[in-house]
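Student: I would like to learn how to read a protein model with care. May we go through one together, by question and answer?

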Amino acid sequence: MKNIKSIFFVLSVLVFSSCDNSLDLIPEDSLQPDQIFTTEAVSVNAVNGMYSSLQSSNVLSGIPDTMTEWQADNVEFVGSFPTFDEIYTYNTLSDNTSILNVWNATYFSINQSNMIILNVPTVADPTFSDASKNNLVGQARFVRALLYFKLSQMFGKQLKQDPTGNSLSVPLVTEPFQAVVNMPARATLKEVYTLIEKDLLFAQGAITNTTVKSRATSASATALLARLYLYQERWREAANSATTVINTSGISLAANYTFYNAASTEHIFQLQNIPGDQGFAESFSKLYSPTANGGRGDAPFSVNLKSAFAAEPGDLRYGLTRTGVDAKNRTSVFTTKYPNGLANTDDPNVLRVSEMYLIRAEANFRDNSAIGATPVSDLNRTRVRANLSPLATITSINDILVERRKEFCFEGLRRMDLLRNNLPLRSSNMVNFDKSQPNADKVVFPIPQRERDNNTNLTQNPGY
């Protein structure tokens, strides 16, 4: 990671092979947690390792977010990976290895955060203050919350599809694996959201880092809370949390779009990748770059997304594009948000301040309020930056959803924007429209069959 020494977290006791997805336990003579967590310096190294694992293309550097983009309407998948094509065509099988790899890699990172949460408070280093310990634990709890949030969006129904929140989501593992194998059942979405909120509220008050945006901050915890509250339709809490972030020193809307892959006030939380970091076999860079630029050419613009931009000509965000040869040897349009197909080092955009303005706009619009600003003034901030004429008024929620689509395309938010509004993932003129209905079985990813073979307490999603 840029400016940060990445140290692989040796305490992670689960090792997942990208080839056979085998599960290996550390040897009996390996160091145990009480032998490792002995000083503040080693605890900091453990946190470095946790962040390093997030850089995996199966966690935050590409595959999960890109799969959700082409399951929806922003991206046309034209590559040769059968496991990716299954998702694009809504023919996903329960033994899909790409989904298994995402599951394994994400729980691997969750296990690292759990190790920190459990062990850092007990470190018997007299120079390691409680505030410093809470800072590290807060960062780990932010990471755990972020990852459970992402898992819950892929593997279970959302509140609009089951307003009770009692639909099954993912298993909650809150303690590190330490020799005893637990076989948890799937928690409900309500239970997952409760843990996420609890973790983020702790992180919000505990994290002392305020300047390094490749590390969790109190502002990043508050921003993720704003997103959570929006998804829960807790409008005032969403607007208040977004306002807190907007008013945070060092965070402000960038004047233009040069913030991609660069340090900027635009970013709230952004992983920063350099050559030699975690493996990026099918990263944002590879999937979204045409073949001449070192990519696979797998994921160009959909015709539907190009039409959305064409509806208002002159949008500078459509200027973040290039044409090139795709995986089917056709000339297609690709995003340049992740241009480094050769170096494979593009930075994931996890949380940006423009999302806070649009969260506040939507929350205020739905709640008929004006916390921090009027809905239309917040919406116009991103429109004017994009060289579009400001709106005089917001006529419907679709004005906000269209703006979110154009602002965050290729950043992994589109699928949830549709599901939380109970909308099909594809328009009626797109392929597989019937299969993309919000309550359709294969809109939700399967619980990996290998996990169910190992844990009989895991119930499968319908349709698999």
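Student: Is the crossing of helix 12 and helix 13 left-handed or right-handed?

Tutor: This is a predicted model, in which local features need pLDDT of at least 70, side-chain atom pairs count only at pLDDT 80 or more, and totals for chains, interfaces and linings use all residues. Residues are numbered from 1 along each chain as its sequence is written, and side-chain values use heavy atoms, leaving out hydrogens and water. Helices (H or I, at least four residues) and strands (E, at least two) are DSSP runs numbered from the N terminus, and a crossing is left-handed if the near helix is turned anticlockwise from the far one by less than a right angle, right-handed if clockwise. For helix 12 and helix 13 the crossing is left-handed.

Student: At what angle do helix 12 and helix 13 pack?

Tutor: Axes are lines fitted to C-alpha atoms, for helices over the stretch in contact, and angles run from 0 to 180 degrees between N-to-C directions. Helix 12 covers residues 353-367 and helix 13 residues 375-385, with axes 7 Å apart. The angle is about 145°.

Student: How do the residues of the contact of helix 12 with helix 13 divide?

Tutor: Contact means heavy atoms within 4.5 Å. Tyr357, Leu358 and Phe365 are among the helix 12 residues that meet helix 13, where the partners include Pro375, Asp378 and Arg385. Ala, Val, Leu, Ile, Met, Phe, Trp, Tyr, Cys and Pro count as nonpolar, Asp, Glu, Lys and Arg as charged, and the others, Gly among them, as polar. The division is six nonpolar, three polar and four charged.

Student: How many of the residues of helix 3 are buried?

Tutor: Buried means under 20% relative accessible area, exposed over 50%, and partly exposed in between (1.4 Å probe, protein chains only). Helix 3 spans residues 63-71 and is mostly covered. What covers its buried residues includes helix 4 (82-88), helix 5 (97-119) and helix 6 (130-155). The buried residues number nine of nine.

Student: Which residue in helix 14 forms a salt bridge with Arg317?

Tutor: A salt bridge is a side-chain nitrogen of Lys or Arg within 4 Å of a carboxyl oxygen of Asp or Glu. Arg317 meets Asp315 in one such bridge, at 2.9 Å from N to O. Its other partner here, at 2.7 Å from N to O, lies in helix 14 (residues 397-408), 86 residues apart from Arg317, which is in the loop between helix 11 (303-310) and strand 4 (321-325). That partner is Glu403.

Student: Why does Glu403 count as buried?

Tutor: Glu403 falls under the limit for buried residues because its relative accessibility is low enough. Arg317 is buried too, with a relative accessible area of 5%. For Glu403 the value is 2%.

Student: How far apart in sequence are the parts that the pair of Arg352 and Glu411 ties together?

Tutor: The closest N and O atoms of this salt bridge are 3.0 Å apart, and both Arg352 and Glu411 are buried. Arg352 lies in strand 6 (residues 349-352), whereas Glu411 is in the loop between helix 14 and helix 15. Both residues also belong to a network of salt bridges that includes Arg317 and Glu403. The parts are 59 residues apart.

Student: Which helix gives the most to the largest nonpolar core?

Tutor: A nonpolar core is a set of buried Ala, Val, Leu, Ile, Met, Phe, Trp, Tyr and Cys residues joined through side-chain atoms within 4.5 Å. The largest has 108 residues, and Trp70, Phe142 and Phe155 are among those that touch the most other members. The leading contributor, with 13 residues, is helix 6.

Student: Is Arg227 buried or exposed?

Tutor: Arg227 has its place in helix 8 (residues 218-231). Not counting residues up to four places away in sequence, Arg227 touches Phe149, Val350, Leu351, Glu355, Ile359 and Leu413. At 6% relative accessibility, Arg227 is buried.

Student: What is the phi of Asn329?

Tutor: Asn329 is found in the loop between strand 4 and strand 5 (331-335). Asn329 is exposed, with a relative accessible area of 67%. Although Asn329 is not a glycine, its phi is positive, at about 65°.
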